[in-house]
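Student: I am new to this protein and would like a close look at a single part of it. Could you take me through one helix, its contacts and the salt bridges around it, and then set that part beside the rest?

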Amino acid sequence: QVAYSRNIIYSITYDTLPVVTAHHIHLEAGGKLFYELARPVLKVNDIVFYQRLRALLTACFGLVFLFLLLGDLTDNTFIALAGTLAAAFTLGYLHYATKVDTGIYPAAMLPVILWTVNRIDEKKRSALPWAAAAGLAAAGGIIAHQYMAIPAALAGLCVLFPRGTGSHLIATGPLRIDAARPAPGPVAAGKRTAAFAVLAATGLLAAGLAYFAVIRNRELTLEPRPGVALTNDYHSFQRWFFQYATMDAWGYGYERFNPKAPFTGFTDFFLMPDRGIYVPDFNFRFSYSFASFSEPAHLPYNLVAVFTGLILGGTALTAPFLWRRYGRMFPAVLLSLIGIVLFAVYWEPHYVEFWLVPGMLFCILAVMLLALWGEELGRLFRPFRTLLPAVLLTGVALLLFAHNTRTYLVPYSRVKHLEAINRNWSPDYYRLWSDSIYRHPNNVYQDVYG
């Protein structure tokens with residue numbers, strides 16, 4: 001957080017475009033632009049305040065599109081609202097919505113990508129404009145973070161599948177699974193291929209232009225050509241572009257895989273752990289205990305564990321029905337979830353930041369599954385159609401809100417601090433144009449702020 005704020009301050013002071021790493025080219029450049037636009041209006045000079053405000057507004061933006069996506073998928077406002085609140089009150093989303101960091105930006109772009117993909121209807125003339133919009137959304141996700149290329153590509157490929165129910169899907173036997181909208185008649189695969197081509201071309205062009213715009217005056221100080229502009233030397237650009245994956249500063253790889261790590265990261269996305277947000281010394285321990293299921297110290301974690309098993313097991317058992325009900329959006333969500341989970345497990349599986357996008361996809365999948373169950377039970381008792389999924393999702397939202405407010409939001413608002421402080425850095429490095437934060441006596445930068 002300190003480094004990001006310092007980069008933005010440097011760019012404002014010297015009127016330059018800050019691009020430090022290729023894996024989130026928007027962060028410092030967008031932070032500088034947001035500061036320059038907001039400061040004349042708000043009359044505040046606090047650089048950290050503006051970056052946290054930007055993160056909060058981005059989080060709200062993502063929730064609006066999540067609500068639109070869930071509303072389109074379920075055709076039910078109450079279910080969509082309950083699902084949106086459940087995602088909003090997760091620890092990961094709350095934490096990064098108020099932090100000077102990168103995690104909230106790709107998480108907020110995910111529902112935008114999926115919503116635009118879902119709007120591509122090969123039966124209508126608007127298919128190609130929506131495909132272009134989906135391409136722009138995918139480019140926005142990649143600019144937010146490079147790893148968003150995984151769900152963007154997988155969701156985009158699913159445009160090649162029919163939007164509605166097709167006769168080639170398996171029969172549902174005694175169950176009558178309704179499609180979200182009336183199933184289309186035979187539609188030429190060429191129309192879907194054209195939509196996919198437009199999506200891919202728009203996304204690649206927009207992302208490529210964004211990268212070119214930020215590197216045209218950027219010089220690289222690493223080998224093989226120190227001091228050479230990235231646009232003038234392919235090898236320098238290649239080294240910079242893949243820096244995220246080739247340097248030892250990030251990533252752990254499958255060879256150092258610890259099965260406890262991904263469970264830690266995934267659980268931390270939902271609930272504030274009793275050990276704190278970050279795993280000290282890679283000492284993985286869990287807070288759930290089925291042997292003491294109802295004890296207050298374990299109950300929230302036990303309930304989330306049961307809910308996770310319910311969704312994963314239910315998805316595995318009813319996958320054909322989910323595909324029939326939601327068309328291409330079921331494989332779009334499921335494949336994106338699998339792809340980004342594999343990346344999270346490879347990269348930093350214990351770190352909650354890399355579970356924001358998988359966690360959001362899991363929440364979307366949960367809403368789809370529970371809405372399907374509600375529709376089927378609604379045939380027996382009509383109120384169940386909305387009541388079952390809405391009540392379950394509202395219960396999850398209330399559980400997350402109560403736990404994360406008590407254990408995270410309240411303490412965090414009393415003792416605000418920066419993570420990843422290096423005691424060897426000069427105190428001047430912490431002069432962040434900030435009068436609103438960082439006065440706790442245990443902070444190593446207390447000599448700066450008193």
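Tutor: What follows is a walk around helix H15, with some other parts of the protein brought in afterwards for context.

Please keep in mind throughout that this is a predicted model. The protein has 17 helices and two strands, and 50% of its 450 residues are buried. Among the contacts between residues at least 6 apart in sequence, 71% join residues at least 24 apart.

Let us begin with how helix H15 meets helix H4, which covers residues 77–88. The axes of H4 and H15 come within 10 Å and cross at roughly 150°. Because angles over 145 degrees count as roughly antiparallel, H4 and H15 are roughly antiparallel to each other. The crossing of these two helices, H4 and H15, is right-handed. On the H4 side the contact is made by Ile79, Gly83 and Ala87, and these meet Met360, Cys363, Val367 and Ala371 on the H15 side. Sorted by class, the contact of H4 with H15 holds six nonpolar residues, one polar residue and no charged residues.

Charged residues do appear when we turn to Glu375, which also lies in helix H15 (residues 356–377). Glu375 forms a salt bridge with Arg385, and the closest N and O atoms of this pair are 4.0 Å apart. Since Arg385 lies in helix H16, which spans residues 384–414, the pair ties together parts that are 10 residues apart in sequence. The two partners differ in their surroundings: Glu375 counts as buried because its relative accessibility is 5%, whereas Arg385, with a relative accessible area of 36%, is partly exposed.

The next residue to consider is Glu376, whose side chain meets that of Arg379 in a salt bridge, at 3.3 Å from N to O. Here again a buried residue is paired with a partly exposed one, for Glu376 has 16% relative accessibility and counts as buried, while Arg379 is partly exposed with a relative accessible area of 34%. Returning to Glu375, we find that salt bridges with shared partners join Arg325, Glu375 and Arg385 into one network.

A search of the whole structure finds six salt bridges, and one of them offers a useful contrast with the pair that links H15 and H16. Lys32 forms a salt bridge with Glu36, with the closest N and O atoms 2.9 Å apart. Both Lys32 and Glu36 lie in helix H2 (residues 26–42), where they are four residues apart, or about one turn of the helix. In this pair the basic partner, Lys32, is buried, with a relative accessible area of 11%, and Glu36 is partly exposed at 36%.

For a second helix pair to set beside H4 and H15, consider helix H3 (residues 47–74) and helix H6 (residues 104–118), which pack at an angle of about 25° with their axes 8 Å apart. Because angles under 35 degrees count as roughly parallel, H3 and H6 are roughly parallel to each other. H3 passes H6 in a left-handed crossing, and the residues of their contact divide into 16 nonpolar, four polar and two charged.

Definitions and conventions:
Residues are numbered from 1 along each chain as its sequence is written. This is a predicted model: local features need pLDDT of at least 70, side-chain atom pairs count only at pLDDT 80 or more; totals for chains, interfaces and linings use all residues. Side-chain values use heavy atoms; hydrogens and water are left out. Buried means under 20% relative accessible area, exposed over 50%, partly exposed in between (1.4 Å probe, protein chains only). Axes are lines fitted to C-alpha atoms, for helices over the stretch in contact, and angles run from 0 to 180 degrees between N-to-C directions. Angles under 35 degrees count as roughly parallel, over 145 as roughly antiparallel, 65 to 115 as roughly perpendicular and the rest as oblique. A crossing is left-handed if the near helix is turned anticlockwise from the far one by less than a right angle, and right-handed if clockwise. Contact means heavy atoms within 4.5 Å. Ala, Val, Leu, Ile, Met, Phe, Trp, Tyr, Cys and Pro count as nonpolar, Asp, Glu, Lys and Arg as charged, and the others, Gly among them, as polar.
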